[in-house]
Amino acid sequence: MYMMLVPRRNGFGFFDDFFEDEFFKGRTRDLMRTDIREKDDKYIVDIDLPGFEKENINLTLNNGYLEISAKSEKENKDETDGKIVRQERFYGACSRKFYVGEDVIEEDIQAEFKNGLLKIEIPKKEETIENKNIKHIEIK
């Protein structure tokens with residue numbers, strides 16, 4: 001069995017549709033837009049993270065789940081810089097989690113962050129039943 005990179009739905013239909021409404025999404029709907037491509041031997045995950053610094057992006061692997069989290073901190077500016085009339089840039093934290101299989105280890109995963117795009121390559125592996133500990137993945 002190969003890994004599943006598609007987020008799982010809880011099967012509540014009505015509630016899924018209800019909370020997908022634009023009212024509930026707010027500004028977070030534009031965060032961490034993700035494309036996943038499949039090749040013969042790997043998956044390639046591209047995640048948009050404009051405005052984030054590499055140092056504030058974290059990838060962890062825990063029991064077959066790859067979690068990508070990022071945070072952006074607001075710059076503290078004094079009143080001499082002017083009063084903000086409208087603010088659309090995001091400040092805070094966001095995360096996504098994908099099941100990649102419990103046989104994938106952190107050394108197998110390659111990650112690179114360039115120009116606001118996080119590119120992750122995950123090899124396809126057969127899954128066996130064995131728990132792994134949380135591992136940190138370096139971003140190049």
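Which residue forms a salt bridge with Asp 46, and how far apart are the closest N and O atoms? The partner is Arg 37, and the closest N and O atoms are 3.0 Å apart. This is a predicted model.

**Salt bridges**

The count comes to four salt bridges. Three of them, including the pair above, are listed here.

| Pair | Closest N and O atoms |
|---|---|
| Arg 37 and Asp 46 | 3.0 Å |
| Lys 42 and Glu 121 | 3.1 Å |
| Lys 71 and Glu 73 | 3.8 Å |

Take Arg 37 and Asp 46. Asp 46 is buried because its relative accessible area, 14%, is under 20%. Arg 37 is partly exposed, at 38% relative accessibility.

Lys 42 pairs with Glu 121. Lys 42 lies in strand 2 (residues 42–48), and Glu 121 lies in strand 7 (residues 117–123), so this salt bridge ties together parts that are 79 residues apart in sequence. Both ends count as partly exposed: Lys 42 has a relative accessible area of 22%, and Glu 121 has 24% relative accessibility.

Lys 71 and Glu 73 form another salt bridge. Lys 71 is partly exposed, with 40% relative accessibility. Glu 73 counts as exposed, at 57%.

**Strand 1 and strand 2**

Arg 37 has a second partner, this time through strand pairing. Its bridge partner in strand 2 is Ile 44. Strand 1 (residues 34–38) and strand 2 run antiparallel and are joined by five bridges. The two strands form a hairpin, with three residues between them.

**The open sheet**

Which strands form the open sheet, and in what order? There are four, in the order 5-4-3-8, and their pairing is antiparallel. Strand 5 (92–99) and strand 8 (135–137) are the edge strands, each pairing on one side only. From one strand to the next, the twist averages 25°.

Within this sheet, strand 4 (residues 65–72) and strand 5 pair over eight bridges in the antiparallel sense. Lys 71 belongs to this picture too: it stands opposite Ala 93 in strand 5. In a regular strand, side chains alternate between the two faces of the sheet.

**The nonpolar core**

How many residues does the largest nonpolar core have? It has 24 residues. Those with the most contacts inside this core are Leu 49, Ile 57, Leu 59, Leu 66, Ile 68, Leu 118 and Ile 120. Several strands contribute. Strand 2, strand 3 (57–62), strand 4, strand 5, strand 6 and strand 7 each supply at least two residues of the core.

Ile 120 shows how these parts meet. Leaving out residues up to four places away in sequence, Ile 120 touches Leu 59, Leu 66 and Ile 68, among others. Its contacts also include Tyr 43, Ile 44, Val 45 and Ile 47. Ile 109, Gln 110 and Ala 111 are on the list as well. Ile 44 thus appears twice in this report: as a contact of Ile 120 and as the bridge partner of Arg 37.

**A buried loop residue**

Is Glu 106 buried or exposed? Glu 106 is buried, because its relative accessible area of 17% falls under 20%. This residue is found in the loop between strand 5 and strand 6 (110–114). Not counting residues up to four places away in sequence, Glu 106 touches Leu 61, Lys 135, His 136 and Ile 137. Strand 8, an edge strand of the open sheet, spans 135–137.

How values were computed
Residues are numbered from 1 along each chain as its sequence is written. This is a predicted model: local features need pLDDT of at least 70, side-chain atom pairs count only at pLDDT 80 or more; totals for chains, interfaces and linings use all residues. Side-chain values use heavy atoms; hydrogens and water are left out. A salt bridge is a side-chain nitrogen of Lys or Arg within 4 Å of a carboxyl oxygen of Asp or Glu. Buried means under 20% relative accessible area, exposed over 50%, partly exposed in between (1.4 Å probe, protein chains only). Two strands pair if DSSP finds at least two bridges between them. Axes are lines fitted to C-alpha atoms, for helices over the stretch in contact, and angles run from 0 to 180 degrees between N-to-C directions. Contact means heavy atoms within 4.5 Å. A nonpolar core is a set of buried Ala, Val, Leu, Ile, Met, Phe, Trp, Tyr and Cys residues joined through side-chain atoms within 4.5 Å.
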